[in-house]
Every structure is written in structure tokens, then in C-alpha cells.
Amino acid sequence: MTRKSHTAQYPEVQPQLPPRSRGVIGLFEENCTVCMLCARECPDWCIYIDSHKETVPAAAPGGRERSRNVLDRFAIDFSLCMYCGICIEVCPFDALFWSPEFEYAETDIHELTHERDKLREWMWTVPEPPALDPRAEEPKELAAARKAVEKAAAAEAAAEAAAQADSAEGDAQ
């Protein structure tokens with residue numbers, strides 16, 4: 001009461017949101033395996049998922065064909081959602097993330113069901129995770145990927161050196 005009030009001019013001036021603030025849920029569709037864990041664990045039943053099975057040919061000759069789920073529809077009804085984040089926590093494949101977007105109001109409540117295209121757009125507004133502790137050990141996945149790249153580079157360098165040695169031998173004869 002002793003300070004002068006300050007009115008934020010919202011539409012013209014965007015608010016300064018805290019880092020990693022919760023707005024809407026973004027979908028990284030490439031990681032979704034249609035396991036349905038998010039829809040089963042949602043206390044409001046506001047996630048709608050449709051899929052179909054596709055047969056994948058055998059990777060090696062003599063192998064068997066595999067079947068995999070293909071995502072047809074992924075929608076979240078934000079008029080029912082209570083923004084608890086359980087769906088994000090239970091997703092084992094990191095397909096769901098909090099996006100800081102908060103401007104998605106609609107004039108009709110039926111338009112608050114957003115399909116996967118809109119959820120995918122919100123995915124690109126998700127901020128980077130906080131930096132890791134510089135003294136922490138490197139994740140196993142990154143270490144394995146780096147070793148594979150280094151091994152491939154060493155094999156390529158050895159092949160190049162062998163090709164140069166063969167061309168030098170051919171020139172000497």
C-alpha cells in the first residue's frame with residue numbers, strides 16, 4: 001500500500017517469464033512410440049491417441065518382420081487439462097515437454113483441443129535444459145557416440161594412408 005502500483009501493458013509488452021515456466025505441453029513426435037502411458041496416467045483423461053500397426057521388413061536376410069505402432073492422432077484437450085505434468089513425467093521416451101507458451105486462448109471451448117500439429121509447433125519453443133555440472137561425468141550415450149565417431153575417423157584415416165601408400169608404390173615401380 002505504500003508503493004505505487006505498476007500496471008503491465010500486456011498485449012503490447014510481453015511479460016518476463018521465469019525460466020522453465022509451464023505453459024502448454026509440446027509434443028516431440030519423432031520420439032513418440034504410441035505406448036499410451038501418458039493417456040493412461042492422465043487423471044483427467046484429456047489426452048487422445050489413435051494409432052495403427054505397420055509391418056517393418058526384416059533388417060537382415062532370414063530375419064522376421066516386425067510390427068510397430070504409427071501415430072495417427074495425438075491431441076490434448078486443454079479445457080480438461082489440469083497442468084499437473086504427470087504425462088510428461090511418465091513418458092519414457094521424452095516425447096512430451098513443457099513449453100512456455102501461454103497465449104492459446106480460444107473463444108469456443110471446443111477449440112481448446114489441440115492436435116499434434118499445434119503441439120509440434122509448441123515443441124520448438126521449449127527452452128534448452130539447464131547446463132550440466134562441468135565436473136560431472138559424461139553421459140554414457142555421448143561417450144559411446146564419441147568413441148564410434150573417433151573409431152570411424154581412425155578407420156577412414158587408415159584407409160586413406162593405405163591408399164596413399166599404394167599410389168606411392170605404384171609411382172615407384
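**Group meeting: two loops, a sheet, a helix and some empty space**

Okay, let's start with Trp45, which sits in the loop between H1 and E2. Before I go on, bear in mind that this is a predicted model. What caught my eye with Trp45 is the backbone: phi is positive, about 55 degrees, although the residue is not a glycine. So is that side chain buried or exposed? Trp45 has a relative accessible area of 58%, and the cut-off for exposed is over 50%, so it counts as exposed.

Now compare Val34. Val34 is not a glycine and still has a positive phi of about 55 degrees. You'll find Val34 in the loop between E1 and helix H1, and that helix covers residues 37-41. The relative accessible area of Val34 is 4%, which makes Val34 buried. So Val34 is buried, whereas Trp45 is exposed.

Let me stay with Trp45 a moment, because it leads us to Asp77. Hmm, rather, here is the link: the C-alpha atoms of Asp77 and Trp45 are 8.8 Å from each other, with the two positions 32 residues apart along the chain. To put that precisely, Asp77 and Trp45 are 32 residues apart along the chain.

Asp77 itself belongs to strand E3. Its relative accessible area is 10%, so Asp77 is buried. What does Asp77 touch, leaving out residues up to four places away in sequence? The contacts are Cys46, Tyr48, Leu112 and Thr113. Thr113 shows up again in the strand pairing: Asp77 stands opposite Thr113 in E5.

That takes us to the sheet. The strands here run in the order E2-E3-E5, in an open sheet of 3 strands with antiparallel pairing. Strand E2, residues 47-56, and E5 are at the edges with a single partner strand each, so each has one side without a neighbour in the sheet. As for E3 and E5, their antiparallel pairing runs over 2 bridges.

While we're in E5, have a look at His114, which is part of that strand. Is His114 buried or exposed? With 7% relative accessibility, His114 is on the buried side. Not counting residues up to four places away in sequence, His114 touches Phe74, Ala75, Ile76, Phe78, Tyr104, Glu106, Leu119 and Trp122.

Two of the names in that list, Leu119 and Trp122, bring us to helix H3. H3 spans residues 116-123, and its buried residues are Leu119, Trp122 and Met123. Looking down the axis of H3, those buried residues fall within an arc of 110 degrees, so they line one face of the helix. That fits a bit of textbook geometry: an α-helix has 3.6 residues a turn, so residues three or four places apart point the same way. And what do the buried residues of H3 pack against? The answer is four strands by name: E1 (24-27), E3 (66-77), E4 (96-99) and E5 (113-114).

Right, on to the empty space. Rolling a probe the size of a water molecule over the atoms shows where empty space is left. Counting cavities of 30 Å³ or more gives 2.

The largest cavity holds about 80 Å³ of space. Its lining is Cys32, Thr33, Cys35, Met36, Cys38, Ile49, Phe74, Cys91, Phe93, Ala95 and Leu96. By type, that lining is 10 nonpolar residues, 1 polar and no charged. Phe74 is worth pointing at, as Phe74 lines this cavity and is also touched by His114.

The second largest cavity comes to about 60 Å³. Around it you have Ile25, Cys42, Pro43, Asp44, Cys46, Ile47, Cys81, Met82, Tyr83, Cys84, Gly85 and Cys87. This lining divides into 10 nonpolar, 1 polar and 1 charged. Cys46 is one to find on the screen: Cys46 lines this second cavity, and Cys46 is among the contacts of Asp77.

Last stop, the largest pocket, with a volume of about 340 Å³. There are 14 lining residues, and the closest to the pocket centre are Arg20, Leu96, Phe97, Trp98 and Val126. Which elements supply at least two residues of that lining each? They are helix H2, residues 86-90, and E4. E4 gives the largest share, 3 residues. In terms of type, the pocket lining has 8 nonpolar residues, 1 polar and 5 charged. Set that next to the largest cavity, where the lining has no charged residues. And Leu96 turns up in both places: it lines the largest cavity and is one of the residues closest to the centre of the largest pocket.

That's my tour, so over to you for questions.

Conventions:
Residues are numbered from 1 along each chain as its sequence is written. This is a predicted model: local features need pLDDT of at least 70, side-chain atom pairs count only at pLDDT 80 or more; totals for chains, interfaces and linings use all residues. Side-chain values use heavy atoms; hydrogens and water are left out. On a 1 Å grid over the protein atoms alone, a cavity is a set of points where a 1.4 Å probe fits but cannot get out, and a pocket is an open set with protein on both sides within 12 Å along at least five of seven lines; lining residues have an atom within 4 Å of a point. Grid points are joined across faces, edges and corners, and a volume is the space filled by probe spheres set on the points. Ala, Val, Leu, Ile, Met, Phe, Trp, Tyr, Cys and Pro count as nonpolar, Asp, Glu, Lys and Arg as charged, and the others, Gly among them, as polar. Buried means under 20% relative accessible area, exposed over 50%, partly exposed in between (1.4 Å probe, protein chains only). The arc is that of the directions from the helix axis to the C-beta atoms. Contact means heavy atoms within 4.5 Å. Two strands pair if DSSP finds at least two bridges between them.
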